[in-house]
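New to this one? Take a moment to look over the sequence and the fold, then come back for a short tour.

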Amino acid sequence: MSQIYLRLRGVGMTFEGQIGAPDGLKSWLPRVFRRNTASPGRYHVEALKNISLDIGHGERVGLIGLNGAGKSTLLKVLAGIYPPTSGTVERRGHVCPMFEFATGFEMNQSGWDNIRIRALLLGMPRAEIEAKIEEIGAFTELGEFLSYPVRTYSSGMFIRLAFAVSTSINPEILLLDEVMGAGDIQFAEKARKRMSEFMEQGKILVFSSHNMEQLSTLCERTIWLEKGQIAADGPTREIMALYHSANGAAVLA
């Protein structure tokens with residue numbers, strides 16, 4: 001079997017465009033991002049800068065950083081949602097991103113219908129969907145709500161449904177963005193157990209979170225992002241100690 005991996009070399013991600021409303025984006029964007037623009041009313045945001053890393057078969061990697069550090073952008077580059085503006089990305093293995101939870105849902109259809117639709121979009125054969133649909137439905141613990149249109153669902157219910165379907169296809173590379181932080185304690189424990197089972201099969205997990213307890217439980221390696229760059233990369237507990245020391249109260253905010 002060929003090895004599963006993610007490989008980035010010199011990856012940069014820049015967003016450019018016109019700031020529309022004078023009292024909207026224009027008023028706050030320069031304060032949030034470093035700005036490098038020659039013309040008024042335009043923005044130039046370097047969300048990622050010269051990112052090089054390798055994530056190999058069987059690794060569980062956490063992503064930490066303050067809001068705006070580039071964690072979600074990096075996940076979207078890894079998933080292939082954002083093509084990088086510089087550098088190269090190599091992927092070997094079936095990638096399943098667990099974010100943008102409304103994507104792939106038909107809001108007027110039931111939970112059952114959306115299990116089928118989402119599973120098809122993720123590449124699961126129809127016969128396999130029908131064989132697994134009861135198991136997937138049971139995992140969500142949504143009960144009778146699976147017969148309701150998903151437009152009636154809370155964000156936590158969306159996450160349960162998306163998580164249950166996406167992890168039922170046994171993807172080789174799973175990308176998570178704060179998914180474990182949603183829902184009640186009982187479901188979070190089920191999600192952690194399923195992640196453990198997933199990782200025992202030698203796949204890749206990349207998990208972005210502010211929840212240090214979950215990261216230390218799930219991830220052996222952690223990458224700390226700061227202003228779009230890798231500030232540190234290493235064993236989770238060591239990186240967390242550096243991160244807390246550097247950011248102090250900001251980490252807890």
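What follows is a walk through the model's confidence, two helix packings and one leucine.

First, keep in mind that this is a predicted model. Across the chain the pLDDT averages 85, and 84% of the residues score at least 70. There is one stretch to treat with care: over residues 23-29 the pLDDT stays under 50. The model does have nine contacts for residues 23-29 beyond four places in sequence. Still, where pLDDT is low, the predicted coordinates should not be read in detail.

Now for the helices. Helix α5 covers residues 155-168 and packs with α4, which covers residues 126-140. Helix α3, residues 111-121, packs with α5 too. Here are the two pairs side by side:

| Helix pair | Angle | Axes apart | Crossing |
|---|---|---|---|
| α4 and α5 | about 140° | 9 Å | right-handed |
| α3 and α5 | about 40° | 10 Å | right-handed |

How do α4 and α5 lie relative to each other? At about 140°, they are oblique, because an angle has to be over 145 degrees to count as roughly antiparallel. From α4, the contact draws on Lys132, Ile136, Phe139 and Thr140, while α5 brings Arg160, Leu161, Phe163, Ala164, Val165 and Ser168. Sorted by class, that contact of α4 with α5 has six nonpolar residues, along with two polar and two charged ones.

On to the other pair. With an angle of about 40° between them, α3 is oblique to α5, since only angles under 35 degrees count as roughly parallel. On the α3 side you'll find Gly111, Asn114, Ile115, Arg118 and Ala119, and these meet Leu161, Ala162, Val165 and Ser166 of α5. The mix in this contact of α3 with α5 is five nonpolar, three polar and one charged. Look out for Leu161 and Val165 of α5: they take part in the contact with α4, and they are also among the residues that meet α3.

Finally, have a look at leucine 74, which sits in helix α2 (residues 71-79). Is leucine 74 buried or exposed? Its relative accessible area is 1%, so leucine 74 counts as buried, the cut-off being under 20%. Leaving aside residues up to four places away in sequence, leucine 74 touches Leu8, Leu48, Ile51, Leu63 and Leu225. Another residue to find is methionine 13: leucine 74 and methionine 13 are 61 residues apart in sequence, yet their C-alpha atoms are 8.6 Å apart in space.

Definitions and conventions:
Residues numbered from 1 in each chain as written. Predicted model: local features only at pLDDT ≥ 70, side-chain atom pairs only at ≥ 80, totals over all residues. Heavy atoms only, no water. pLDDT = per-residue confidence, 0-100. Contact = heavy atoms within 4.5 Å. Axes fitted to C-alpha atoms, helices over the stretch in contact; angles between N-to-C directions. Helix = DSSP H or I, 4+ residues; strand = E, 2+ residues; numbered from the N terminus. Parallel < 35°, antiparallel > 145°, perpendicular 65-115°, else oblique. Left-handed = near helix turned anticlockwise from the far one by under 90°. Nonpolar A, V, L, I, M, F, W, Y, C, P; charged D, E, K, R; others polar. Buried < 20%, exposed > 50% of the residue type's maximum accessible area, 1.4 Å probe, protein only.
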